[in-house]
Amino acid sequence: LLHSEMARREGDASRRWVHRWLSLITLLTCLSDQVSAQMNAYRRVHAWGLNRFGQLGIDHMPGQGNQPKPNQCEPQYVPTLGHEAMEQVQANLQRIVSGQFHAAAITEEGDMYVWGRNDQGQLGMGTTGVEDTDIRYTPTLLELFTGNGQKQEVIDVALGLEHTLVLVSGGRVFAFGSNQFGQLGVDMSAEDMPFTSIPTSIDVGGESVVNVSAAAGHSIALTFTGAVYTWGANHEGQLGLGGCQNPDGMHFDPCLGSVKKPTKIIQTLEGEFMPPMKLIAAGGHVAGGTEKVLEGGHSVAISEDNELYGWGDNFHGQIGKTQNYYRMAHNTDVFTPNKFDNVTGKYFNREVRPSRIGPLLITTNLPSPPPPPPAFPAPPLAPGQSTGGANTNNATTGIGGGVDDEEEEEFPEIIGLSAGSHHTMALLKSGELFAWGDNYFGQLGLGYQSVQREPDRFHKTQDWYQPEMIDKPTRIEHWDYFVQRTREETMGNGTVEIEYTEQITGKIRYESDATITHLEAGNFQTIARSSAGNVYIWGTNSLGQLGTCDCGACAHNYDATGDDPMGTCSAQKSPPAPPKPDTSNLAEGEEAPPAPPPDLTLYLWEQDCECNCAGAGTCKYVAPQGDTDAVNRGKCVDFGANTKCECVEPYLKMEGSIYKMDQPMHFALGVATEYKFVTVAAGGAMFAITQSQCPTDDEGKVCSSIGECQEADDGELSTCACPFGTAGIKCEHSCPVGTEEDYLAVRDEHNIGKFPDSRYREDTDGVMTGRVCSGHGQCDDIGKCVCEDFWYGERCQHMCPWDNQKRHCSGNGTCAYDPDIQETPYCNCNRYKTSDKDPIVAQEAAKECADRQLAVRDGGWCSYYDLEQGFEACYQFGQCGVCEDSGLRHSILFSLLISVLLRIVLD
C-alpha cells in the first residue's frame with residue numbers, strides 16, 4: 001500500500017509538470033496569437049475606435065502638434081507599424097495590446113513600441129532622474145535595460161488604465177505609470193511614489209513569471225509554477241486575498257484595501273489550496289474625472305485542469321458565479337442580485353477569494369434520441385456479476401463516461417481568456433466561445449435583442465428573468481448549424497440505417513468549418529478572429545469600436561440563392577422587381593406612373609442570415625407615419641452573383657449608424673476587402689493586423705490583383721511580378737509610356753541640314769512609342785522612370801543632341817537637362833582656361849587646347865562650340881549645338897607658343 005501511494009503521488013506530480021509545460025505552451029501560443037509560421041510576411045496594422053489621446057497611433061492633426069485626430073469609425077492604416085517601416089529596422093510585428101487610453105506593440109525580435117496617453121508615465125519613456133509624460137501620437141520604440149545595461153527581450157505586455165506591466169525574457173516584470181492604488185507592485189505608497197515613467201523591475205515572490213494582466217486599478221501575474229500573484233486596488237476583493245471582518249468579505253471590510261506588492265493567492269473560497277493556473281485575466285472600469293473612481297474590478301483564471309475560477313466584483317455576474325436574486329421592494333417584480341450595505345449605503349456583490357466556477361461544458365439543443373431498437377432478453381447474470389452501467393446519450397459533451405476514481409476527468413480545453421470592463425470571454429480549443437457578465441451593449445454576443453427583433457428596445461436592468469446580466473458562462477450559439485447524418489445499427493440479425501440530426505458547434509459553416517482561434521474583450525465590446533483569417537465584432541459602437549460608420553455590411557460569402565451549399569440563407573429569396581406599369585393606353589407625351597414598391601412584408605427575416613442590415617436589429621428603427629416611409633426596414637436580398645444587404649431604395653432606406661450590436665457580425669473592413677487577419681486587439685482603441693504572402697493594396701488585393709506573387713526561398717520575402725506598364729512593391733503605380741508625339745519630337749530636335757545622318761529611327765535606335773519609359777529607361781518602385789544616359793524627362797522622351805556618327809555632344813561635352821532653361825536637353829561643351837592663376841592648371845589647359853586643336857580665345861579660353869552659333873553664344877549663353885566645331889586651325893600654333901612660354905616660366 002505504501003509503495004502504491006508513493007507511486008500515485010509521483011504520478012500526480014508528473015501529471016502536474018506535464019500540465020504545466022502544456023499550459024506554458026498554450027500560453028505562448030496565445031501570446032503569439034496563432035500567427036503564421038512565416039513571420040517574414042507583409043503585414044499592415046488597422047486601427048479604429050477611441051482616439052482621445054492618440055491611442056490609435058495615426059499621428060496628430062496636421063499642423064496641430066498637440067491635437068489628436070478624432071475618433072475613427074472607419075479603420076485607419078498605421079504606417080509606423082507597417083511592413084515598410086518594420087523592414088527598415090529589421091523587425092517583424094507580432095501583436096498589439098490595447099488599453100483604455102494607450103497601446104503597445106511587440107515584435108518577434110522582442111522590441112516594444114508604445115503610444116497614446118502618458119500623463120502618468122504609462123509609456124515608460126522616462127530615464128534615470130528625468131520623468132517623461134509627453135503624449136505620443138505614433139508608435140515609439142521603448143527599450144528596457146537591466147542594471148548592467150543589457151537590453152531586455154519583451155515577451156508580454158499588460159495595460160491598465162494608467163499603468164503598464166512588461167514581461168521580459170527570463171520571467172522578470174517591469175512596471176511603470178500610475179501607482180495610485182499600488183498597482184505597480186513596487187512596495188511603495190502612492191504618497192511616496194504617485195507615478196513613475198521609468199521602467200522599474202518588481203519582485204513577484206522570487207518566481208519566474210510567464211503571463212501578466214492589468215485592469216483599471218489592479219494587476220495579476222502568473223508564474224511558471226502556476227501560482228497567481230495579485231496587487232493594487234482591492235475594494236471589490238479583486239485580489240482574491242480574502243477579507244477579515246467576515247469570511248466572505250460581506251459589508252464594509254477594512255481588509256479590502258490596496259496592496260502595494262505582489263502577493264500570492266493561497267486559498268480558494270471553498271477553503272482549498274489554490275490549484276495551479278494556466279490563464280489569467282483582469283477586468284474593471286473607471287468612472288473618470290480627477291478622482292478616477294474605480295467601477296468594479298474582477299479577476300478570472302483557468303486552472304491546469306481547465307476549470308474556471310473567478311473573484312472580485314460580481315455585480316454583473318462577470319466572475320461567472322450564479323447570483324441569488326433579491327426582491328428590491330415588496331409587491332414588485334423587480335429583483336437584484338446585490339446586497340445592501342447599511343454602513344456604506346451601497347449595494348455590493350463580490351467574492352474576496354477565488355470561487356471555483358467549474359469547467360465550460362458544451363450543451364446542444366438536440367431533441368431526445370429515439371427509443372432504442374428492440375433487443376433479445378439478456379442472459380441471466382452469474383452469481384456476484386454486476387449489471388454494469390448502460391451507455392446513454394447526453395446532449396452535454398466534454399466529460400467522459402464512467403472512469404476509475406484515480407483517473408482525472410478531462411474537461412474541454414480552454415485556450416483563451418479575456419476580461420472587459422464588466423464582462424468576460426473564454427475560448428475553447430474546439431472553437432466554442434463562452435461569455436458572461438454585463439450585456440447592456442450586447443458585448444456577450446448572445447443575440448437576445450436580435451431574437452426579439454426589436455431594434456429600438458433592450459432588456460431592462462435588474463429584471464432577473466431577462467438576460468441583460470448573464471451570471472454564468474453561456475455559450476455563443478451564433479455559428480451553430482445542424483446536419484442530417486445516418487448510422488448503421490444492429491437490429492436482430494441484421495443492420496438498419498438510422499437517420500439522425502447532429503448539431504455542429506465550434507465551427508463556422510460558411511468558412512468551410514473554420515474555428516475561432518483568438519478573442520479579445522474590450523471595454524464594452526468584443527472581437528474575435530477565425531482560423532480562416534476573418535474577423536467578427538460585437539458590442540458598443542458609440543465611439544466607432546465596431547469599425548463601421550453606417551449600418552454594417554453583409555457577409556462577403558452570403559448566398560441567398562441556395563446555389564452555394566455553405567450559404568446560410570438558402571431558403572430566403574430576394575424580393576421580385578417591381579412590376580412595370582402598363583403604358584399601352586398612355587396618350588402621346590403622357591408620363592408613365594411610378595412603379596409600385598415591392599411588398600417586403602412577404603419576405604420574412606431569417607435569423608441565421610449572416611447579414612448586418614437593420615433586419616438583424618443593428619440600426620434604430622423608425623416606423624412609417626402617414627406618407628413617410630419606415631427607416632431601416634432592411635432585408636437580406638440577392639441580386640445575381642453579388643448577394644448582399646441592399647441598403648438603398650427602392651428596397652429599403654438605411655440611415656444612421658449602429659449603436660450596439662448584440663451578436664457577432666463580420667468586420668466591415670474584412671467584408672469590403674480581401675484582407676486576411678492574423679491577430680486582433682481590443683481596448684479603447686481597436687486593432688487588427690493583416691498578413692499576406694505578397695504585398696496588398698488598400699483593398700487587400702495581392703499585387704493589386706494585376707501582378708503575380710512570386711514565391712521566394714525560405715526566409716526571403718515573396719515579391720510581385722508586375723505586368724507591363726506597372727510598378728511598385730504591390731504593382732500600385734502606372735509607369736510612364738512613350739507616345740508617338742515623343743518619337744516625332746526626338747526626330748525633329750536635330751539639325752538635319754547639318755547632320756543628315758543623325759535622324760532618330762525606331763528600327764535602329766530603339767522603339768519609343770508604347771514602351772515603358774520610351775524604351776530608354778527603367779520604371780522604379782514608385783512608378784518613376786530612371787532614364788539611360790543621354791535620355792531625360794518623366795518618360796525618358798528627350799534625347800541629348802548627337803552628330804552624324806550619333807555621338808552625343810559629338811563626344812566633346814556633357815549633356816544637361818533643365819526644363820527651366822530649355823525644354824530639351826543641351827550640351828555643355830568641354831572648355832579649358834589657359835590663363836588660370838595656377839600655372840600647373842594653366843599648363844594642363846594649354847596642352848588640352850593644343851591636343852584637341854581648339855582655338856584659344858580672348859581671356860585664354862578654348863572650347864568646342866557650334867560654328868553657326870559662334871563661340872560667344874556658346875561661352876556666354878550655352879548655345880553650343882552639338883559641340884562639333886573646334887575653331888580656326890592656325891590657332892594650333894598660338895596654343896603651342898603659349899605652352900612653350902609656360903614651360904619656360906615654370907623652369
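**Figure 1. Strand S38 in the predicted model, a strand with seven of seven residues buried**. Strand S38 covers residues 660–666, and since each of its seven residues is buried, the strand is largely enclosed by the rest of the structure. Its pairing with strand S35 (residues 535–540) is antiparallel and runs over four bridges. Within this pairing, Thr-540 has Lys-660 of S38 as its bridge partner.

**Figure 2. Strand S1 and its pairing with strands S40 and S4**. Strand S1 spans residues 42–49; eight of its eight residues are buried, so the rest of the structure largely encloses this strand. Strand S40 (residues 685–692) pairs with S1 in the antiparallel sense, with eight bridges between the two strands. One position to locate in this pairing is Ala-47, which stands opposite Phe-687 in S40. S1 also pairs with strand S4 (residues 72–77), again in the antiparallel sense, over three bridges. Here Gly-49 stands opposite Gln-72 in S4.

**Figure 3. Surroundings of Met-86 in helix H2**. Helix H2 runs over residues 83–88 and contains Met-86. The relative accessible area of Met-86 is 4%, which is under the 20% limit, so Met-86 counts as buried. Leaving aside residues up to four places away in sequence, Met-86 touches Thr-80, Leu-81, Ala-91, Leu-93, Thr-107 and Tyr-113. The C-alpha atom of Met-86 is separated by 9.3 Å from that of Arg-43, a residue 43 positions away along the chain.

**Figure 4. The open sheet of strands S13, S14, S15 and S16**. Four strands make up this sheet, in the order S13-S14-S15-S16, and their pairing is antiparallel. Strand S13 (209–214) and strand S16 (259–264) are the edge strands; each has a single partner strand, so one side of each is left without a neighbour in the sheet. On average, neighbouring strands of the sheet are turned by 15 degrees against each other, direction ignored.

**Figure 5. Strands S14 and S15 within the open sheet**. Strand S14 is formed by residues 218–223 and strand S15 by residues 228–232. The two strands are joined in the antiparallel sense by five bridges. Ile-220 stands opposite Thr-230 in S15.

**Figure 6. Two stretches with pLDDT below 50**. Over residues 1–9, pLDDT stays under 50, and the model has zero contacts for this stretch beyond four places in sequence. Residues 450–466 also have pLDDT below 50, but this stretch has 42 contacts in the model beyond near neighbours in sequence. Predicted coordinates should not be read in detail where pLDDT is low. For the chain, the average pLDDT is 78, and 71% of the residues score at least 70.

**Figure 7. The whole chain, shown for orientation among the close-up views.** The chain holds nine helices and 52 strands. Of its 907 residues, 50% are buried. Among contacts with a separation of 6 or more, 59% are between residues 24 or more positions apart. The accessible surface of the chain comes to about 43900 Å², and carbon and sulfur atoms contribute 50% of this area.

Technical notes
Residues numbered from 1 in each chain as written. Predicted model: local features only at pLDDT ≥ 70, side-chain atom pairs only at ≥ 80, totals over all residues. Heavy atoms only, no water. Buried < 20%, exposed > 50% of the residue type's maximum accessible area, 1.4 Å probe, protein only. Contact = heavy atoms within 4.5 Å. Areas by Shrake-Rupley, 256 points an atom, 1.4 Å probe, with all protein chains shown as cover. Pairing = 2+ DSSP bridges. Axes fitted to C-alpha atoms, helices over the stretch in contact; angles between N-to-C directions. pLDDT = per-residue confidence, 0-100.
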